[in-house]
Number of protein chains: 2
Amino acid sequence: MVMVMNDVTKKLNSLGEDILNDIEKGKNPGMEIPIRSLSNIIYNKKTKQLTLGNKKLKRSFFNVAHSKKFMQTLLVAAFCKSLVKENIHTSIRDMYYNLKRTFPGSKENTFDQQSESDPIIVDLEVMLNVLREQLRLTTDRKGIVAGNVVIRDRGDLIDWSKLGSGGWSIPSTVEEVEFKKVDADFVLVIEKNAGFERLHEDKFWKKHNCILIGTGGQAARGARLLIQRLSSEFGLPVYVFTDGDPYGWYIYSVIKSGSMSLAHVSDRISTPNAKFIGLTITDIFKFNLKKCTIKAREVDIKRAGELLKYEWFQKPEWQKEINLMIEKGVKAEIEALSHRGLKFMSQTYLPEKIKNKEFLP
Amino acid sequence: MVMVMNDVTKKLNSLGEDILNDIEKGKNPGMEIPIRSLSNIIYNKKTKQLTLGNKKLKRSFFNVAHSKKFMQTLLVAAFCKSLVKENIHTSIRDMYYNLKRTFPGSKENTFDQQSESDPIIVDLEVMLNVLREQLRLTTDRKGIVAGNVVIRDRGDLIDWSKLGSGGWSIPSTVEEVEFKKVDADFVLVIEKNAGFERLHEDKFWKKHNCILIGTGGQAARGARLLIQRLSSEFGLPVYVFTDGDPYGWYIYSVIKSGSMSLAHVSDRISTPNAKFIGLTITDIFKFNLKKCTIKAREVDIKRAGELLKYEWFQKPEWQKEINLMIEKGVKAEIEALSHRGLKFMSQTYLPEKIKNKEFLP
């Protein structure tokens, strides 16, 4: 990652210095924070990413509606500065408990609930243009990886090709990982852990010289950062493999273009070059999996209708697939491929799709 | 693990041979399956484990109520035999899709839903006295481990002390893991991933010469098997660290005594010698964490009342704790310890509890 820890400290320091300057000049201390509400979220067609627009709000100390949040922002900023200084990481929940205090002589708490401290972290991310992970705040880890890659992490050399059936558990702070060797032609991201295990057991990553990443459902920030780094630093194509339903397709679009709730970090954690390898509804019919489909529920159809309208799904291939799903009223899981044999996915389906470049954009 | 794969094949073969014998003798082919309903689940005070009683049901072919299930049982058994033979693993969902067929000339499916094939697997586990994992069926993986341990898994040598911030992701089939070196005084099992990361970063396992296992909530079968193996094969004490609430305490009891839904495998995947290290409600008051408690909801109080009645919570120490929770109407998370400082858990709370042997039974 380009940003070193010192940059974060610098940014945190300059936030504090600006406030001090305001105070010394007798001004109302304040800060400007880009707005994250829907009205300021834009899909950038050029970068293929969700991003924030230019609208900002001002948070100042001498404003009854702002002063508590102002205090909270500085508390969190100071906390993060000490994390960087002490070189430790912690979860956002631990931070909440650590900062929860009652002001002496009052009944007023710094924070009453974690739902008050969480958005402050995002405010700092946006305001300082840093990632939560660089502020040393961890998110829940999820995801596994295997492949011909050697990394250095916290002093250990780790070979992703020599981790047995287990794979390497992706931590939430992968921006500190140093790549020592990356020998792969592409990255295959798979939504389902069971699918990861099947491909891993068949040594798919070895046979096809790729890096295999299992996200276990919606990709965690750590997994998304890792995919982004492998794509941008090593120019590896990224193929995403999810269930054939609106939920799976959205998982793909989040990896590719970011999500609305994290639009402010899309440019740093999404992978615009990612392609979708499957499952499509077309696959279901092509590979004769009709017996293994699931009837789409009302909520699936509704979600499909929403995807149809998203700007980043305005591509003829996707419009066709989503409409086909609505028309047929079915969806299917990755596991449905097992109907054609347990090794069908690793020996036929994926290799053929990759060979024929049958991807959705 | 004591059982080699050949034993599983032998058991599957003998199931088939018994059926063949019945047919050759002109008898109604049948099998006997231990009953798994509540009425046949017993808490064995001596082994401290939930287990099945002696009640059995007979499933036979010439019985309209049984014949479909009889057919399904043999289908699943044959499937598992081929998994063992081909030396591959698969998920129970993949199995369902693989076995789903329509009988030629009829509209009858082998299985209509996965809820039909799942219980058949358990039937086989009980009937043959094998684990699902030995039948080569995987469950969802969850859990991470770090420590001074070297294992061999699928041909790779893996050093749990050299995996950076990531740790080793525990697969669902750990009975094939071969321990090459185990240098530890105890096993610390922690419910929360965030807690695992904090302790891992502070190198708790190095400083205290232990194996650190994060279960990420309710422990998956793979994690429970791993804990059981470390306890039984290396005589390591096991300390379980969960949130201070009925849900956390139940996680502990499942690791220690097994669960009702898996009572038939308790003797093989639970760890009766496990002890509970925290959080207790007493801790909350002792360590002045009152500000970081959460008001117990009605459902918490109800669940606490249920725990009070379970045979395996009939110990004065537990009765006192659970009653204290109900009386005070509060619960607390592991993260609440961060109120006393981010390193309080790793430098004070856990070391002191271990030193003073402050465990609940």
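In strand S11 of chain B, B:Val182 is the residue that stands opposite B:Val149. I should say at once that the model I am describing is a predicted one. The pair belongs to the junction of strand S8 of chain B, residues 149-153, with S11(B), where 4 bridges join two antiparallel strands.

Let me place this junction in its sheet. In chain B, three strands form an open sheet in the order S9-S8-S11, and the pairing is antiparallel. Strands S9 (156-159) and S11 (178-182) of chain B occupy the edges; each has a single partner strand, so one side of each has no neighbour in the sheet. From one strand to the next, the twist averages 20 degrees. As general background, strands of a sheet pair through backbone hydrogen bonds, in a parallel or an antiparallel manner.

Chain A also has an open sheet of 3 strands, with the order S9-S8-S11 and antiparallel pairing. Here S9 and S11 (178-182) of chain A are the edge strands, each with a single partner, so one side of each is left without a neighbour in the sheet. The twist averages 20 degrees between successive strands. For this chain I would point to the other junction: S8 of chain A, residues 149-153, is joined to S9(A) by 4 bridges, and the two run antiparallel. Within it, A:Ile151 lies opposite A:Ile158 of S9(A).

I turn to the relation between the chains. A turn of 180 degrees, with a shift of 0.0 Å along the axis, lays chain A on chain B with an RMSD of 0.0 Å. This is the relation of a two-fold axis. Which residue of chain A comes closest to the rotation axis? That residue is A:Ser169, whose C-alpha is at 2.5 Å.

The interface itself comprises 41 residues of chain A in contact with 41 residues of chain B. On the chain A side, the elements that give two or more residues are strand S5 (90-91), helix H3 (92-99), strand S9 (156-159), strand S10 (168-169) and helix H5 (193-201). H5(A) gives the most, with 5 residues. By residue class, this side of chain A divides into 12 nonpolar, 15 polar and 14 charged. Of the interface residues of chain A, 100% are also interface residues in chain B, so the copies meet through the same surface.

Next, the interior. The largest nonpolar core has 164 residues, and those with the most contacts inside it are A:Val187, A:Val189, A:Leu212, B:Val187, B:Val189 and B:Leu212. To take one of them, B:Val189 touches, beyond four places in sequence, B:Ile213, B:Thr215, B:Ile227, B:Val238, B:Tyr239, B:Val240, B:Phe241 and B:Ile255.

Two further details concern chain A. Helices H8 (residues 246-257) and H11 (residues 298-309) of chain A pack at about 35 degrees, with axes 9 Å apart. From H8(A), A:Pro246, A:Tyr247, A:Trp249 and A:Tyr250 meet A:Asp300, A:Arg303, A:Ala304 and A:Leu307 of H11(A). The residues of this contact comprise 6 nonpolar, no polar and 2 charged.

Finally, A:Ala296 sits in the loop between strand S16 (294-295) and H11 of chain A. Is A:Ala296 buried or partly exposed? It counts as partly exposed because it has 19 C-beta neighbours inside 10 Å, whereas a buried residue needs 20 or more. Its C-alpha atom is separated by 4.7 Å from that of A:Val330, 34 residues apart along the chain. Beyond four places in sequence, A:Ala296 contacts A:Ile301, A:Met325, A:Gly329, A:Val330 and A:Lys331.

Conventions. Residues numbered from 1 in each chain as written. Chains lettered and ligands numbered in written order. Predicted model: local features only at pLDDT ≥ 70, side-chain atom pairs only at ≥ 80, totals over all residues. Axes fitted to C-alpha atoms, helices over the stretch in contact; angles between N-to-C directions. Contact = placed C-beta atoms within 7 Å. Nonpolar A, V, L, I, M, F, W, Y, C, P; charged D, E, K, R; others polar. Pairing = 2+ DSSP bridges. Least-squares fit on C-alpha atoms with pLDDT ≥ 70 in both. Core = buried A, V, L, I, M, F, W, Y, C linked by C-beta atoms within 7 Å. Buried ≥ 20, exposed ≤ 12 C-beta atoms within 10 Å, placed from the backbone.
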